[in-house]
Amino acid sequence: MGSEAALLPETCFGGIDLATEEKTAANPVIEINVMRLIKIFIRKWWLFVLFSFLLAGAGYAWATMNYVPAYTASASFVVDPRVTATDNTTSKVTNTDLTAAEKLATTYQYVLKGKDMLIEVKDELKLDSSIEQLQKNVKISTEPESFILRLSVTWGNPDTAYQICNSLVTSKIPEMLEEINYPSIRVYDSPTRPNHPNTYNRKNAWAGVGFLLGLILAALLIAVLEMSRDTAKKFSDLQRKCDVNVLGSVPAVIKTKSGNKNKKRGLLVTDFNAGFSFVENIKSIRTKVETFSEKHQYKRLLVTSSLENEGKSTMAVNLAITLTQNGKSVLLIDADLRKPSVHKLLEFRSNKEEGLTAILEGSATWQDSIRYIAENGIVVLPSGKIPNNSSELLASEKMGDLLDELEQEFDYIVIDTAPTCIVTDATILTNYTDAVIFVVKQDFARFSEINQALSDLSEQRAKVIGCIFNIADEQGGPYGYGRKYYRSYYRSSER
């Protein structure tokens, strides 16, 4: 019948071109799915709020603590190019005078900021500041093509700024003019005390900068963490990083339950709105599983995953349905005694007095517990009530005896069980089953968790037929298992 490799064609799995995938795998690049990243941004909105408000507050606080108000007192002068004679008459202005005055206007910038003059101001006002600080805070500027000088003194105290400016205007400059006969300086605008700082507190602006920076940092953090997550983002990732065959992929299609648009359940191949691609991919996986099982005489098929909410129960139900559609008699067993979901997927009520738990406890028989689901054409053995010792019940001889008996009645037994990474139920059941089908949800479980689960199964000498790559809805369904739930439930069952 050919080798096992013949059962899994190299050209295509579930509609995916492996030749292209292998080329991509050989030259790995960082790929960014923009739409998926936007969905993650929306889902992580609280991170944007946290970062933006934290950095906005930090910017506001920094600006408040580092704000130093500055007050500027100013005065203006006109350089008079006319020479005052000894008889108190004023000579006429010549072009030479204008040119000389223009040059002297520039010279006054240095004279008024000279150390000798500023030392006198410092001593007069008894300032604690240095001469260098005075020179830095005293500014002299000229108006272009004019004889106007502007004197400005900037200081942290408005009174000090006014006192320095006033000292220069009223005493120091007149003293200087007594020594210079040509040209003279006339005060144009007298100095006044500044009432308001000339620099406003930019704390609101810094808060805005911090807010925007927080949004950017949050986006970068989410994007970097998302790209660095070691998960199966593509079909070829499973082939490169897991030593396991890949049976195929299932596209993302979610069916909304009638009567409640907010609740979702996994899509079944018998649903009216199941698309062609979804149905055909499931049937393609069914064909590979069936061919492999017939070759090796496998009848008991265990379906599991590494983590919760990866779609294993939906895959188990769809596999059972499609095997039945192919003319096989199939029993679907819900052996997830922690949090069963098969009855919810198939939409029937599970009787707590019957089911797998009651059978293993000896209070019911399988003949009384099985249910025929006419709509889907399959026979189901529900889990029944949730016990406190599920691992012990599944490991009991009664479980092996039950499967031996059921094997005589059905062509295939498909068993849905709990995820492998957190509880031991799946690895326990491998002692009573022939093969394992492993479900991996796209970009969900880390490869360390996937490989750990496969390693746990391998240690029990379980025969893993292959993986199903479930390109499932990112939000998952309402029947998922929380990691905290499993840990807390497992601890409570041990007690």
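Begin by selecting Glu226, which sits in helix α9 of what is, it should be said at once, a predicted model. Glu226 counts as buried, because its relative accessibility is 10% and the limit for that word is under 20%. With Glu226 still highlighted, add Ile40 to the selection: the two residues are 186 apart along the chain, yet their C-alpha atoms are separated by 8.8 Å.

**Along α9 to an aromatic pair**

Stay on helix α9, which covers residues 203-228, and select Phe211 together with Phe53. These two residues make up one of the four aromatic pairs counted in the model, and their rings are arranged edge-to-face, with 5.9 Å from centre to centre and 85° between the planes. Phe53 belongs to helix α4, residues 45-66, while Phe211 belongs to α9, so the pair ties together parts that lie 158 residues apart in sequence. Is Phe53 buried or exposed? Phe53 is exposed, with a relative accessible area of 56%, whereas Phe211, at 32%, is partly exposed.

Before leaving the aromatic rings, select Phe292 and Tyr298, whose ring centres are 6.1 Å apart and whose planes stand at 40°, so this pair is described as tilted. The word follows from the angle, because planes under 30 degrees apart would count as stacked and those over 60 as edge-to-face. Both Phe292 and Tyr298 are buried.

**The nonpolar patch**

Return now to Phe53 and Phe211 and widen the selection to include Trp45, Trp46, Val49, Leu50, Leu54 and Leu212; together with the two phenylalanines, these residues form a nonpolar patch on the surface, with about 850 Å² of accessible area between them. Which helix gives the largest share of the nonpolar patch? That helix is α4, from which six residues come, and both α4 and α9 supply at least two residues each. To look at one member by itself, pick Trp45, which has its place in helix α4 and counts as exposed at 54% relative accessibility.

**A patch of negative charge**

For a patch of another kind, select Glu397, Asp401, Glu405 and Glu409, which gather on the surface as a patch of negative charge. Glu409 is found in the loop that runs between α17 (397-407) and β14 (412-416), and Glu409 is partly exposed, with a relative accessible area of 47%.

**Salt bridges**

How many salt bridges does a search of the whole structure find? The search finds eleven, and several of them can be visited in turn.

Select Asp159 and Arg193 first, whose side chains meet in a salt bridge at 2.5 Å, N to O. Asp159 lies in helix α8, residues 158-179, and Arg193 in the loop between β6 (184-189) and α9, so the bridge ties together parts that are 34 residues apart in sequence. Asp159 is partly exposed, with a relative accessible area of 35%, and Arg193 also counts as partly exposed, at 38% relative accessibility.

Move next to Lys312 and Asp416, where the side chains form a salt bridge of 2.9 Å, N to O. Here Lys312 is in helix α12, residues 312-325, and Asp416 is in strand β14, so the parts tied together are 104 residues apart in sequence. Lys312 and Asp416 are both buried.

A further stop is the pair Arg446 and Glu449, which meet through their side chains in a salt bridge of 3.1 Å, N to O. Arg446 counts as partly exposed at 40% relative accessibility, while Glu449 is buried, with a relative accessible area of 12%.

To finish with the charged side chains that are joined, select Glu290, Glu294 and Lys328, which are linked in a network of salt bridges.

**A last stop at Lys339**

Finally, centre the view on Lys339, located in the loop between β11 (330-334) and α13 (342-345). Lys339 is partly exposed, with a relative accessible area of 25%. Add Lys385 to the selection to see another approach of separated parts of the chain: Lys339 and Lys385 are 46 residues apart in sequence, and their C-alpha atoms are 9.8 Å apart in space.

How values were computed. Residues are numbered from 1 along each chain as its sequence is written. This is a predicted model: local features need pLDDT of at least 70, side-chain atom pairs count only at pLDDT 80 or more; totals for chains, interfaces and linings use all residues. Side-chain values use heavy atoms; hydrogens and water are left out. Rings of Phe, Tyr and Trp (its six-membered ring) pair if their centres lie within 6.5 Å; planes under 30 degrees apart count as stacked, over 60 as edge-to-face and the rest as tilted. Helices (H or I, at least four residues) and strands (E, at least two) are DSSP runs, numbered from the N terminus. Buried means under 20% relative accessible area, exposed over 50%, partly exposed in between (1.4 Å probe, protein chains only). Patches are made of residues with over 30% relative accessible area and no salt bridge: like charges are joined within 9 Å, nonpolar side chains (Val, Leu, Ile, Met, Phe, Trp, Tyr) within 5 Å. Accessible areas come from the Shrake-Rupley method with a 1.4 Å probe; for residues, only the protein chains shown count as cover. A salt bridge is a side-chain nitrogen of Lys or Arg within 4 Å of a carboxyl oxygen of Asp or Glu. Lys and Arg count as positive and Asp and Glu as negative; His and the chain ends are not counted. The place of a charge is taken as NZ of Lys, CZ of Arg, CG of Asp or CD of Glu.
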